[in-house]
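This report describes the internal voids, an open pocket and a strand arrangement of the protein shown below.

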Amino acid sequence: KFQRKRYHHGTFPDNFLWGVSSSAYQVEGGWNADGKGPSTWDTFSQKPGNILNNDNGDVACDSYNKFNEDLYMLRALRVKSYRFSLSWSRIFPNGNKTSVNNLGVDYYNRIINGLLAHNITPMVTLHHWDLPQALQDIGGWQNLNMIDIFNEFCDFCFDTFGDRVKFWMTFNQPHTIAWVGYGLGLMPPSIKKPGEAPYMIAHNLLKAHAKVYHTYDEKYKKLQGGLVSITLNADWIEPKDADVPREIAAADRALQFQLGWFAHPIFKNGDYPDAMKWQVGNKSELQGHENSRIPTFTAEEKAYIQGTADFFSINTYTSRVAHHTTMKILAAAWGLRRLLNWIKEEYGDPDIYISENGIATDTKTTVDDTDRFFFYKTYIDEALKAHNLDGVKLKGYTAWSLMDSFEWLSGYTVGFGLHHVDFKNPIRPRTPKRSALYYYQVIRDNGFPLPEEEKLIYGHFR
Ligand code: GBH
């Protein structure tokens with residue numbers, strides 16, 4: 001099905017939503033400015049030993065004070081959208097509505113109004129990992145009350161910003177919250193209970209997401225007309241040997257565990273993928289558990305969760321090769337096209353937005369980022385093939401990231417930015433990289449139109 005033609009010429013539809021992405025903790029700084037409460041990421045990064053070089057996000061890109069500079073970069077790129085996240089503890093310092101902080105609300109109003117003044121569509125992630133510390137202190141996502149508490153926060157955001165924001169995403173990468181936070185224990189809350197905790201957390205995140213979706217649907221949808229989804233992440237998994245059934249099954253299972261864990265309940269039938277229920281159930285039995293370590297939804301809960309997304313939002317960075325026992329990284333852009341086709345087939349041809357896609361370089365390389373330029377060229381071209389040749393309903397492409405920022409456990413040692421940020425300089429100067437100019441050109445051309453001279457030669461064949 002997939003012709004391996006290297007480079008495909010063509011353009012996206014005129015309304016294709018080109019954008020760039022960021023997240024609150026990674027860019028804002030102002031960690032305790034104007035009444036903001038601490039988040040789990042403040043607590044975690046400020047503690048020595050957790051982040052490379054003991055870096056933290058206290059100042060980061062200082063976007064709390066420099067949104068005008070950010071807006072300038074966005075305008076220069078001519079992006080159509082900007083995906084950013086809200087710092088929950090900047091809006092509700094203790095996590096609850098009773099603590100609402102108007103100065104924090106003002107900050108996001110300035111961003112939203114600034115974007116709209118330049119025809120840039122805000123795409124807002126309600127939660128990108130920086131949980132109010134006060135809520136972690138009551139148990140975080142392990143506590144079932146969090147479903148209502150998150151809903152209260154989102155309800156407030158819809159009410160406050162929803163007259164202008166029409167694209168909402170509840171969680172960024174629930175898989176990372178559940179698995180890296182509660183399985184590997186590498187990110188806050190640093191709980192390392194891979195057998196059970198991630199399944200319980202995911203269960204609660206799905207319920208919380210569904211509740212927020214219904215709140216929007218019932219209270220705001222008619223009035224505001226926006227869309228609500230959740231941002232999931234997955235890298236394409238290629239079977240080691242596509243002629244060996246066991247290898248194909250391994251690759252498919254890996255995708256089900258990564259993406260299906262959240263996408264299957266939301267986009268299919270309200271429940272986890274069979275491959276996952278079967279695998280975890282069997283293993284649990286072998287381990288002598290009375291019940292499967294993966295919890296079950298009631299029929300009512302399934303009905304409540306099913307269909308709670310208006311579009312498919314996917315973060316993707318690379319591809320992997322699955323062997324039935326191992327997994328290896330595979331640096332090949334064509335995996336993006338396969339992933340998009342897999343989503344189309346598996347989830348009933350939804351509208352898809354690529355909400356993050358990008359590549360790291362070490363922050364010592366500043367503006368001459370050849371790797372990143374090449375990455376965007378090849379990945380966006382595979383996205384174009386998925387759209388133009390395969391009929392994937394791809395509606396937008398969002399590059400990660402607008403600028404170098406706090407890269408979680410790696411601190412400031414690596415950057416994904418189209419712009420370089422000098423973190424040693426107190427005024428945090430931003431400088432466009434070569435990739436920024438390239439991305440600008442792709443947006444301007446809306447893809448990769450056939451060059452004029454080739455049109456002259458080949459035009460009559462087309
Ligand atoms: C994205 O996740 C994040 O959404 C974004 O905030 C971040 O800046 C970007 O990655 C670049 O890093 O080493 O075991 O802790 C992409 C998918 C999933 C990749 C979690 C890293 C952590 C693995 N990520 N994973 S571990």
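Helix 8 gives the largest share of the lining of the largest cavity, namely 4 residues. In this predicted model, that cavity has a volume of about 140 Å³. Its lining comprises 14 residues, and W41, W129, I177, P188 and P189 are those nearest the centre. Two elements, helix 2 (40–46) and helix 8 (174–182), each give two or more residues to this lining. In terms of residue class, 9 of the lining residues are nonpolar and 5 are polar, with no charged residues present.

The structure holds 3 cavities of 30 Å³ or more. The second largest cavity contains about 70 Å³ of space. It is lined by 14 residues, with V27, E28, F84, Y107 and I111 closest to the centre. At least two lining residues come from each of helix 1 (24–27), helix 3 (67–77), strand 3 (81–85) and helix 5 (102–117). The lining of this second largest cavity divides into 8 nonpolar, 4 polar and 2 charged residues.

Attention now turns to a pocket. The second largest pocket holds about 360 Å³ of space. Of the 17 residues that line this pocket, D55, T363, Y412, F423 and K424 lie nearest its centre. Its lining consists of 7 charged, 5 polar and 5 nonpolar residues.

The class composition of the three linings is set out below.

| Lining | Nonpolar | Polar | Charged |
|---|---|---|---|
| Largest cavity | 9 residues | 5 residues | no residues |
| Second largest cavity | 8 residues | 4 residues | 2 residues |
| Second largest pocket | 5 residues | 5 residues | 7 residues |

The remaining topic is the surroundings of one strand. Strand 6 spans residues 227–233 and is mostly covered, with 6 of its 7 residues buried. Which strands pair with strand 6 in the parallel sense? One of them is strand 5 (residues 167–172), which is joined to strand 6 over 4 bridges. Within this pairing, T231 of strand 6 stands opposite N172. Strand 8 (residues 312–315) also runs parallel to strand 6, and 3 bridges join the two. Here N233 has N315 in strand 8 as its bridge partner. Strand 6 thus takes part in parallel pairing with strand 5 and with strand 8.

Note on methods
Residues numbered from 1 in each chain as written. Predicted model: local features only at pLDDT ≥ 70, side-chain atom pairs only at ≥ 80, totals over all residues. Heavy atoms only, no water. 1 Å grid on protein atoms, 1.4 Å probe; cavity = no way out; pocket = protein on both sides within 12 Å on 5 of 7 lines; lining within 4 Å. Points joined across faces, edges and corners; volume = space filled by probe spheres on them. Nonpolar A, V, L, I, M, F, W, Y, C, P; charged D, E, K, R; others polar. Buried < 20%, exposed > 50% of the residue type's maximum accessible area, 1.4 Å probe, protein only. Pairing = 2+ DSSP bridges.
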